[in-house]
Amino acid sequence: MYISELTWGVSVDTESMGIVLNIAEKFPFVKHVQIKLPGEPGEEKRASRLKRAAESAALKGYSISVHAFPHINLCESVPTLVKANLILAEAALRACYDINGTFALFHGGSVQGRGNPNLLRRKGMAALAQSLDSLLEYADSYNLPVHLENIYPAPFRSELVRLPSRKEDFNSIIDMADSPLLKFCYDYGHGMIDSPSGEAPPLENIGSFHLHENDCLNDLHLPIGGSGDFPLDWSTELKKIAEAEFPGEVILENPPERLEEALKNVQFIIDNE
């Protein structure tokens with residue numbers, strides 16, 4: 001497989017769909033659009049906006065996926081909060097199904113507290129595993145894949161643990177969750193924060209990628225090739241993914257004002273492959 005044959009995608013919110021589609025149309029290698037869910041579920045105006053945005057992307061021939069509400073926390077352990085977050089997650093799955101999405105993407109979440117950070121991490125992972133079991137059972141009724149995205153770690157000595165953020169988190173989830181519908185979305189920008197070598201799970205467990213750059217300290221969502229000192233050779237990395245015949249989506253996660261720059265950099269890599 002060539003780099004150009006990967007399923008390239010772009011990330012967009014509903015309000016920017018027209019702008020992003022106009023940009024994406026200039027680059028024929030783009031085949032997929034990931035829509036960030038707007039606001040709270042059940043808000044009629046926002047639901048109709050999502051439907052219109054999805055229809056405009058589908059009419060242009062793009063496949064679609066959904067990025068779930070970012071405030072969902074699947075690492076909660078308090079029963080009432082677990083239930084509330086699962087209700088939001090299930091609503092995101094239904095929204096994805098209703099617009100013929102191919103998968104729904106979720107962040108894991110976070111757990112906060114004092115004491116031994118390793119114990120806190122294990123507590124968060126146990127809660128995440130339980131929430132995933134419930135969410136995947138619900139996803140099975142729609143036959144809809146779930147992609148779990150890595151998040152960047154909390155600051156050193158923080159009382160906050162974000163999950164999943166390390167390679168061992170992925171390994172633990174693989175051991176605890178038993179569903180063919182579960183895959184990971186590896187976000188390169190998140191993985192490189194505080195870890196220049198990255199924290200990716202095995203490729204066979206990855207369903208999609210998010211591509212963007214930063215200064216390895218902050219989540220800046222710069223275009224690939226745009227930061228100047230990002231510790232990764234994108235041409236080499238993308239060639240490795242393509243040669244592995246990766247079947248999933250490779251999504252550029254940049255704001256509309258930087259998206260065309262990112263796409264031009266991908267085009268340059270493709271032209272010089």
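**Exercise 1. A loop residue**

In which loop is the place of glutamate 245? Find it, then describe the backbone and exposure of glutamate 245.

*Solution.* Start with the ground rules. This is a predicted model, in which local features need pLDDT of at least 70 and side-chain atom pairs count only at pLDDT 80 or more, while totals for chains, interfaces and linings use all residues. Residues are numbered from 1 along each chain as its sequence is written, and side-chain values use heavy atoms, with hydrogens and water left out.

Step 1. Glutamate 245 sits in the loop between H7 and strand S10 (249-252). Helices (H or I, at least four residues) and strands (E, at least two) are DSSP runs, numbered from the N terminus.

Step 2. Its phi is positive, about 55 degrees, although glutamate 245 is not a glycine. Most residues other than glycine have a negative phi, and most peptide bonds are trans.

Step 3. Glutamate 245 has a relative accessible area of 47%, so it is partly exposed. The classes are: buried under 20% relative accessible area, exposed over 50%, partly exposed in between (1.4 Å probe, protein chains only).

**Exercise 2. Two more backbone cases**

Place histidine 221 and state its exposure class. Then locate the cis peptide bond.

*Solution.* Step 1. Histidine 221 lies in the loop between strand S9 (206-211) and helix H7 (234-243).

Step 2. Histidine 221 has a positive phi of about 55 degrees and is not a glycine. Histidine 221 counts as buried because its relative accessibility is 17%.

Step 3. Leucine 163 and proline 164 are joined by a cis peptide bond, with omega about -10 degrees. Proline 164 is in the loop between strand S7 (160-163) and helix H5 (167-176).

**Exercise 3. The barrel**

Give the strand order of the barrel. Then follow some of its pairings.

*Solution.* Step 1. The barrel is closed by 8 strands in the order S1-S2-S3-S4-S6-S8-S9-S10, with parallel pairing. From one strand to the next, the twist averages 30 degrees. Axes are lines fitted to C-alpha atoms, for helices over the stretch in contact, and angles run from 0 to 180 degrees between N-to-C directions.

Step 2. Strands S2 (residues 30-36) and S3 (residues 63-67) run parallel and are joined by 5 bridges. Two strands pair if DSSP finds at least two bridges between them. Glutamine 34 stands opposite serine 65 in S3.

Step 3. Take S9. It is joined to S8 by 4 bridges, and 4 bridges also join S9 to S10. Phenylalanine 184 has isoleucine 206 in S9 as its bridge partner. Histidine 210 stands opposite isoleucine 251 in S10.

Step 4. Check burial. In S9, 6 of the 6 residues are buried, so the strand is largely enclosed by the rest of the structure.

**Exercise 4. Helix H1 and the core**

Sort the named residues of helix H1 by exposure. Then describe the largest nonpolar core.

*Solution.* Step 1. In helix H1 (residues 17-24), the buried residues are Met17, Val20, Leu21, Ile23 and Ala24. They fall within an arc of 160 degrees seen down the axis of H1, so they line one face of the helix. The arc is that of the directions from the helix axis to the C-beta atoms.

Step 2. Ile19 and Asn22 are exposed on the other side of H1.

Step 3. The largest nonpolar core has 81 residues. Such a core is a set of buried Ala, Val, Leu, Ile, Met, Phe, Trp, Tyr and Cys residues joined through side-chain atoms within 4.5 Å. Trp8, Phe106 and Leu211 have the most contacts inside it.

Step 4. Look at phenylalanine 106. Beyond residues up to four places away in sequence, its contacts (heavy atoms within 4.5 Å) include Ala68, Leu93, Leu135 and Leu148.

**Exercise 5. Cysteines**

How many disulfides does the count come to? Examine cysteine 75 and cysteine 96.

*Solution.* Step 1. A disulfide is a pair of cysteine sulfur atoms within 2.5 Å. By this rule the count is 0 disulfides.

Step 2. The closest cysteine sulfur to that of cysteine 75 is in cysteine 185, 16 Å away, too far for a bond. Cysteine 75 is buried, at 2% relative accessible area.

Step 3. Cysteine 96 is in no disulfide, and its nearest cysteine sulfur, that of cysteine 185, is 13 Å away. Cysteine 96 is buried, with a relative accessible area of 0%.
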